[in-house]
Amino acid sequence: MQLHFSNEVKQAIDNKAPIVALESTIITHGMPWPGNFEMATGVEQLIRDGGATPATIAVIQGNLHIGLEQKTLEELAQTKDAMKVSRADMAFAISQKKTGATTVAATMMAAHEAGIQVFATGGIGGVHRGASDSFDISADLQELGRTPVVVVAAGAKAILDIAKTLEVLETLGVPIVTIGQDSFPAFWSQKSEYKSPLRVENALDVASFEKTRQKFGNHGGMLVGNPVPTANEISASEMNTYIEQALTEASKQNISGKDVTPFLLGKIFELTNGKSLETNIALVRNNAKIATEIAIELVK
Ligand code: PSU
Ligand code: MN
């Protein structure tokens, strides 16, 4: 596949320097303008300041970009009709010359194609509540099962069925390792009621775990759970009332398929008067920092 690299990513690849991939669905479908653009540029800068190169991934008019120039990123953040591109849509978006934002699944796929080993996001997609009827299980999970990229996330959102999400990842052979606590993080809140299968204390431990894992062939992805900072968390009990309302609204309006996650995020943003967005930005930044440390250690 022909990849379109930004200048800084091209240089980093030539120098074998550390690179951190970033997704773009969070920009177009996860947050409103202009907070989405501020988040995206802020996170990129944080990665540079930490000593790595950011590579925001998206499909722009049919070209798969690994790293976006500032102007392109700004345009994408304002695009109202960008496709939400998961693994299933990638080749379609490219062949049909579409502009689309990549999900966790598609970003992993593209990052791996570009030789990038580490990716920072907010939260992964997972098994939706009510999945036994809807069968709604994010392609992010399958991707973690097959593509060798380390994904740093603040866990999975409580809009999902976290217990089933953990079970599916276990079935797929995906290690789930949480940094600094026993509980698997719940996105807006530091702790879920579920135990993380594995625990390490810092980014260096993750890197050494990953280096060992790389000695096995076909090792698939790894999920690193990094809890939201204390100052930015919203308690699970407070979030639960908003989540219940958002879920009720989604079922009333018959929201299904790709629209479910963006709809719920948008509703929760409204219900929290934007507070959920502040938390979302803080946790993505926190994940970018850890991902940068992991990426630096992995190229050593
Ligand atoms: N988590 C967020 N914000 C997001 C998403 C997840 O905090 O915008 C996006 C990611 O791109 C993830 C996608 O890959 O939602 C999952 O969508 P689905 O459930 O349709 O697979
Ligand atoms: Mn889905």
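Two helices, H2 (25-28) and H12 (260-271), each supply at least two residues of the shell around ligand 1, and this shell is a convenient place to begin a walk through the structure, which is a predicted model.

The shell is made up of 15 residues that surround ligand 1, and the closest of them are Glu-23, Lys-84, Ser-138, Asp-140 and Lys-157. If the residues of the shell are sorted by the character of their side chains, they divide into 4 nonpolar, 7 polar and 4 charged. They can also be sorted by where they come from along the chain, and here the shell draws at least three residues from domain 1 (1-116) and at least three from domain 2 (123-300). The space that ligand 1 takes up is the largest pocket.

With the surroundings in view, we can turn to individual atoms. An oxygen atom of ligand 1 lies 2.5 Å from an N or O atom in the side chain of Glu-23, and an oxygen atom of the ligand is found 2.7 Å from an N or O atom in the side chain of Ser-138. In the case of Lys-157, it is a nitrogen atom of ligand 1 that lies 2.5 Å from an N or O atom of the side chain. Taken on its own, ligand 1 has 480 Å² of accessible area, and the protein covers 94% of this area.

Two details of the backbone also deserve a careful look. Most residues other than glycine have a negative phi, and most peptide bonds are trans. Trp-33 and Pro-34, however, are joined by a cis peptide bond, with omega at about 0°. Pro-34 belongs to the loop between H2 and helix H3 (35-50), and H2 is one of the helices that supply residues to the shell around ligand 1.

The other detail concerns Lys-97, which is a residue other than glycine and yet has a positive phi, near 55°. To find Lys-97 in the structure, look in the loop that runs between helix H5 (90-95) and strand E6 (100-102).

Note on methods. Residues are numbered from 1 along each chain as its sequence is written. Chains are lettered from A and ligands numbered from 1 in the order in which they are written. This is a predicted model: local features need pLDDT of at least 70, side-chain atom pairs count only at pLDDT 80 or more; totals for chains, interfaces and linings use all residues. Side-chain values use heavy atoms; hydrogens and water are left out. A residue is near a molecule or strand if one of its heavy atoms lies within 4 Å of it. A polar contact is a pair of N or O atoms within 3.5 Å; within protein, one must be able to donate a hydrogen and the other to accept it, and residues adjacent in sequence count only if both atoms are side-chain atoms. Accessible areas come from the Shrake-Rupley method with a 1.4 Å probe; for residues, only the protein chains shown count as cover. On a 1 Å grid over the protein atoms alone, a cavity is a set of points where a 1.4 Å probe fits but cannot get out, and a pocket is an open set with protein on both sides within 12 Å along at least five of seven lines; lining residues have an atom within 4 Å of a point. A molecule sits in a cavity or pocket if more than half of its atoms lie within 2 Å of its grid points. Helices (H or I, at least four residues) and strands (E, at least two) are DSSP runs, numbered from the N terminus. Ala, Val, Leu, Ile, Met, Phe, Trp, Tyr, Cys and Pro count as nonpolar, Asp, Glu, Lys and Arg as charged, and the others, Gly among them, as polar. Domain bounds come from an automatic or database domain assignment.
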